[in-house]
Amino acid sequence: MADATMRFFEDLDQRGYDPLLAKISGTLRFDLHEGPQTTHWLVRIDRGRIQVSRQDMEADTVIGASPAMMEGMVTGRENGLAALLRGDMTVSGDARLMVELERIFPGPPHAQGPRWYGKGVR
Amino acid sequence: MAASDTVRILDGNTFVVSESTGDIEATPTEPTGLFSIDTRFLSKWILTVNGERLHALSYDDLQYYEARFFLVPGVATHYIDAKLSIIRERSVGGSFRESITILNHDEKAVDLEIRVDAGADFADLFEVKDEILNKKGEIYTEAAPDRLRLGYRRGNFNRETIISSSVAARFDRDGFAYSIHLEPNEEWHTSIDVQTRALGPGGRDLRMGLQVHGAERLALQQDLAEWIANAPKVNSEHGEICDTYRRCLIDLAALRFSPLSLGGQTLPAAGLPWFMTMFGRDSILTCLQTLPFTPDLSRTTLRILAALQGSRFDDFREEDPGRILHEMRYGETVAFEEQPHSPYYGSVDATPLFVVLLDEYERWSGDVALVKELEQECRRALRWIDEYADLVGTGYVWYQRRNTETGLDNQCWKDSWDSISYADGTLPPFPRATCEVQGYAYDAKVRGARLAREFWDDPAYAEQLEREAAALKERFNRDWWVADGGYYALALDPDGRQCDVLSSNIGHLLWSGIVDEDRAEQVAQHLIGERLFSGWGVRTLAEGEVRYNPIGYHNGTVWPFDTSFCAWGLRRYGFAEEAAIIANGILGAARYFDGRLPEAFGGYPREQTKFPVEYPTACSPQAWSTGAPLLLLRTMLGLEPHEGHLAVEPRLPAGMGRIELLDIPGRWGRMDAFARGRLDLHRLAE
């Protein structure tokens with residue numbers, strides 16, 4: 001499964017620290033269901049320090065989604081809250097951790113950001 | 001918008017809007033119903049006795065979460081059969097519960113057919129004012145012996161209403177019924193429970209395990225009693241001030257809203273019924289108004305908004321790194337990304353105001369820990385002002401929507417399409433920059449500098465912010481001053497041309513401190529002058545402007561919240577009497593609404609109408625209108641944290657008599673303020 005999800009989590013593990021998560025401590029487990037198969041990603045955050053593994057262990061927050069949905073999330077094509085409301089993702093436990101973790105998810109691939117006006121002279 | 005004789009009860013974002021009989025029969029013009037998480041779970045709820053509709057003798061909103069209706073059979077135009085009475089009591093708190101009691105006053109026994117017609121259209125809150133013709137999913141109904149299930153499914157999106165009864169009922173697809181026999185003077189009783197469900201995969205409610213909210217009725221009562229007990233007490237010779245104050249406290253309690261995913265922390269929602277959700281701007285401004293009274297709201301608001309601060313670019317949601325959200329919604333259109341409120345970030349004032357609130361909160365509370373906790377969010381908010389908001393490159397905060405389908409045109413508090421104009425009435429192109437936001441940005445830099453110096457141990461950053469603030473002030477006073485009018489322009493267009501109308505926004509400029517000292521007097525005189533001041537409050541747009549209309553939403557009406565910030569601004573620049581004049585106007589108007597100020601009322605001159613004319617579709621209670629009397633009390637009493645203690649410098653109109661404000665919470669513990677009305681406003685107005 002050499003996909004975007006794997007790259008995202010492996011990159012996260014290699015980075016090892018993200019200042020956007022500096023105030024957060026806790027564990028999140030992603031359960032990616034496809035047919036009878038479930039893949040797990042366990043993200044441990046300790047005041048911004050991050051460790052990722054494939055363990056199936058108890059966690060403060062458990063997120064359930066399909067691999068396709070997860071791929072959409074880590075590439076910025078899917079929005080977490082919309083997916084939750086739509087029933088395409090489940091979150092149980094401490095949802096705040098998921099809200100905080102979403103900060104490091106990328107935005108939509110073709111987002112342009114602010115549109116600068118042409119004529120300005122400072 | 002619901003007509004004024006509708007009855008509303010709520011708990012968090014679950015609320016019921018009904019007719020005065022308690023019935024619900026939703027139409028686009030009367031959008032009644034049971035709502036939760038921005039979805040309508042009941043659009044029909046009609047009680048009949050022997051096939052006849054009921055007539056309301058009276059109803060009581062006992063508390064914000066419960067109501068009681070006294071009914072008799074027959075509609076108003078018919079003979080009223082008083083031999084039967086029906087009492088309907090309802091409450092929300094987790095679920096919606098209704099109890100029905102029927103009393104037979106006749107000497108004869110009666111046989112009755114009691115029926116409730118029930119139905120749900122599962123409309124998204126954004127759809128309720130339209131004909132709902134083409135829902136994209138499927139509505140289903142299942143009648144079981146012990147309950148009625150109404151449901152809606154679209155893909156994995158599943159919402160259900162489950163109705164059950166304490167007394168056995170006959171459930172069918174359109175409702176449920178009871179056949180009862182009542183002896184003379186006998187009474188009958190049933191309790192109906194209506195559960196709203198937002199089902200995720202596996203049939204589990206997606207709110208389960210996430211939400212600490214959804215308290216039981218007793219807990220709500222206790223919670224309200226504690227809320228009032230914790231707030232300062234007001235004593236006054238004039239009962240009306242006390243009544244208004246108490247009304248505001250209760251409404252603030254009712255408006256507390258707990259976001260889905262943040263563990264039961266509450267912030268003020270914007271307003272009932274259509275804005276029971278978080279708005280960055282409304283929540284922050286309400287917190288600023290209520291800080292001396294309910295400081296805990298500010299702490300939770302800051303934390304919640306910080307947790308949801310923007311972190312990337314998203315053009316649909318207009319998200320940028322550091323930007324503070326505008327609005328959050330949980331309905332179907334948001335779930336399927338037909339609307340961007342998950343959350344939507346299209347506002348340019350919430351971000352600087354976030355910094356302003358954090359500083360003001362610390363000045364009152366001494367809560368240094370929170371200032372340290374939110375340092376990075378605060379720095380990111382300040383960075384947003386310079387890096388992402390200056391679309392024209394002239395050193396101001398501008399806006400132009402990136403979501404051209406469902407985004408907001410005007411991303412300032414006056415957000416209607418025609419609120420920003422030149423003096424000739426034409427509308428400027430985009431990007432636009434409005435004056436009050438430049439004031440907020442200035443204030444954010446000044447206050448951010450204090451936080452950096454005192455708490456973040458970063459004097460270099462403090463100096464940088466102070467330099468930037470000084471430069472902004474200088475630039476602003478050069479580019480925005482309308483010399484021949486003696487005020488600041490409402491806005492600039494991208495070529496730097498002034499939208500040179502006279503508006504209430506200049507009051508916010510005083511509050512922010514961006515006004516040059518030698519110009520403050522002219523601004524103050526405009527705020528209490530005939531063109532802006534109606535006698536009740538400050539008009540959003542001055543009489544005499546081309547677009548002025550006394551019932552123009554942002555073009556002439558008076559918004560109590562807006563006036564309250566004008567009063568604060570006047571007081572800041574030393575115009576205590578002028579502040580008292582407009583404070584007196586708004587508090588006078590509050591009397592006509594039993595202490596509950598609407599969102600807005602007409603800009604008609606006070607002498608002409610004698611009473612404030614409510615704006616037709618105003619939302620009520622609305623958080624920042626509820627906060628207005630509290631901020632005006634603060635302003636008139638001259639409450640100001642000063643070097644660790646509370647300074648009190650009251651300037652009250654003579655007619656207001658004596659006012660005591662006891663147990664004001666803050667870094668000083670609890671303190672009292674006493675004041676006596678000494679100002680002769682009539683003399684001053686001449």
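This is a short tour of a two-chain model, from the contact between the chains to a few sheets and a helix pair.

Hi everyone. Before we look around, the ground rules: this is a predicted model, where local features need pLDDT of at least 70 and side-chain atom pairs count only at pLDDT 80 or more, while totals for chains, interfaces and linings use all residues. Residues are numbered from 1 along each chain as its sequence is written, chains are lettered from A and ligands numbered from 1 in the order in which they are written, and side-chain values use heavy atoms, with hydrogens and water left out.

Let's start where the chains meet. How many residues of chain A are in contact with chain B? There are 37, and they touch 48 residues of chain B; contact here means heavy atoms within 4.5 Å. The size of an interface is often given as the accessible area lost when the parts come together. Here chains A and B bury about 3600 Å² between them, with 55% of it on carbon and sulfur atoms. That buried area is the accessible area (1.4 Å probe) lost on putting two parts together, summed over both. On the chain A side, please find A:L85, A:R103 and A:Y117: they supply 20% of the area that chain A buries against chain B, more than any other three residues.

Staying with chain A, UniProt, in an unreviewed entry, places the feature "domain: SCP2" at residues 14-105. Those positions are in the numbering used here, the feature name is shortened, and such annotations may be inferred rather than shown by experiment. Over residues 14-105, chain A is 26% helix and 38% strand, and the end C-alpha atoms sit 16 Å apart. Helices (H or I, at least four residues) and strands (E, at least two) are DSSP runs, numbered from the N terminus.

Now follow three strands of chain A. β1(A), residues 25-34, runs antiparallel to β2(A), residues 37-46, and 10 bridges join them; strands count as paired if DSSP finds at least two bridges between them. β2(A) is also joined to β3(A), residues 49-53, by 5 bridges, again antiparallel. A nice residue to click on is A:R44 in β2(A): A:T27 stands opposite A:R44, and in β3(A) the bridge partner of A:R44 is A:Q51. Each hairpin has 2 residues between its strands: in the one of β1(A) and β2(A), A:G35 takes a positive phi near 55°, and in the one of β2(A) and β3(A), A:R47 takes a positive phi near 45°.

Over to chain B. Here 8 strands form an open antiparallel sheet, in the order β7-β8-β9-β10-β17-β14-β13-β12. Which strands are at the edges? They are β7 (54-63) and β12 (138-144), each pairing on one side only. The partner of β12(B) is β13(B), residues 147-154, antiparallel and joined by 7 bridges, with B:E142 opposite B:R149.

Chain B also has an open sheet of 3 strands, β21-β24-β25, with antiparallel pairing. Because β21 (433-434) and β25 (498-499) each have a single partner strand, one side of each is left without a neighbour in the sheet. Between β24(B), residues 491-492, and β25(B) there are 2 bridges, and B:L492 has B:Q498 as its bridge partner.

Last stop, a helix pair in chain B. Among the residues that meet are B:C378 and B:L382 in α8(B), and B:A441 and B:L451 in α9(B). The residues of this contact divide into 6 nonpolar, 1 polar and 2 charged. In that count, Ala, Val, Leu, Ile, Met, Phe, Trp, Tyr, Cys and Pro are nonpolar, Asp, Glu, Lys and Arg charged, and the others, Gly among them, polar. Thanks for listening!
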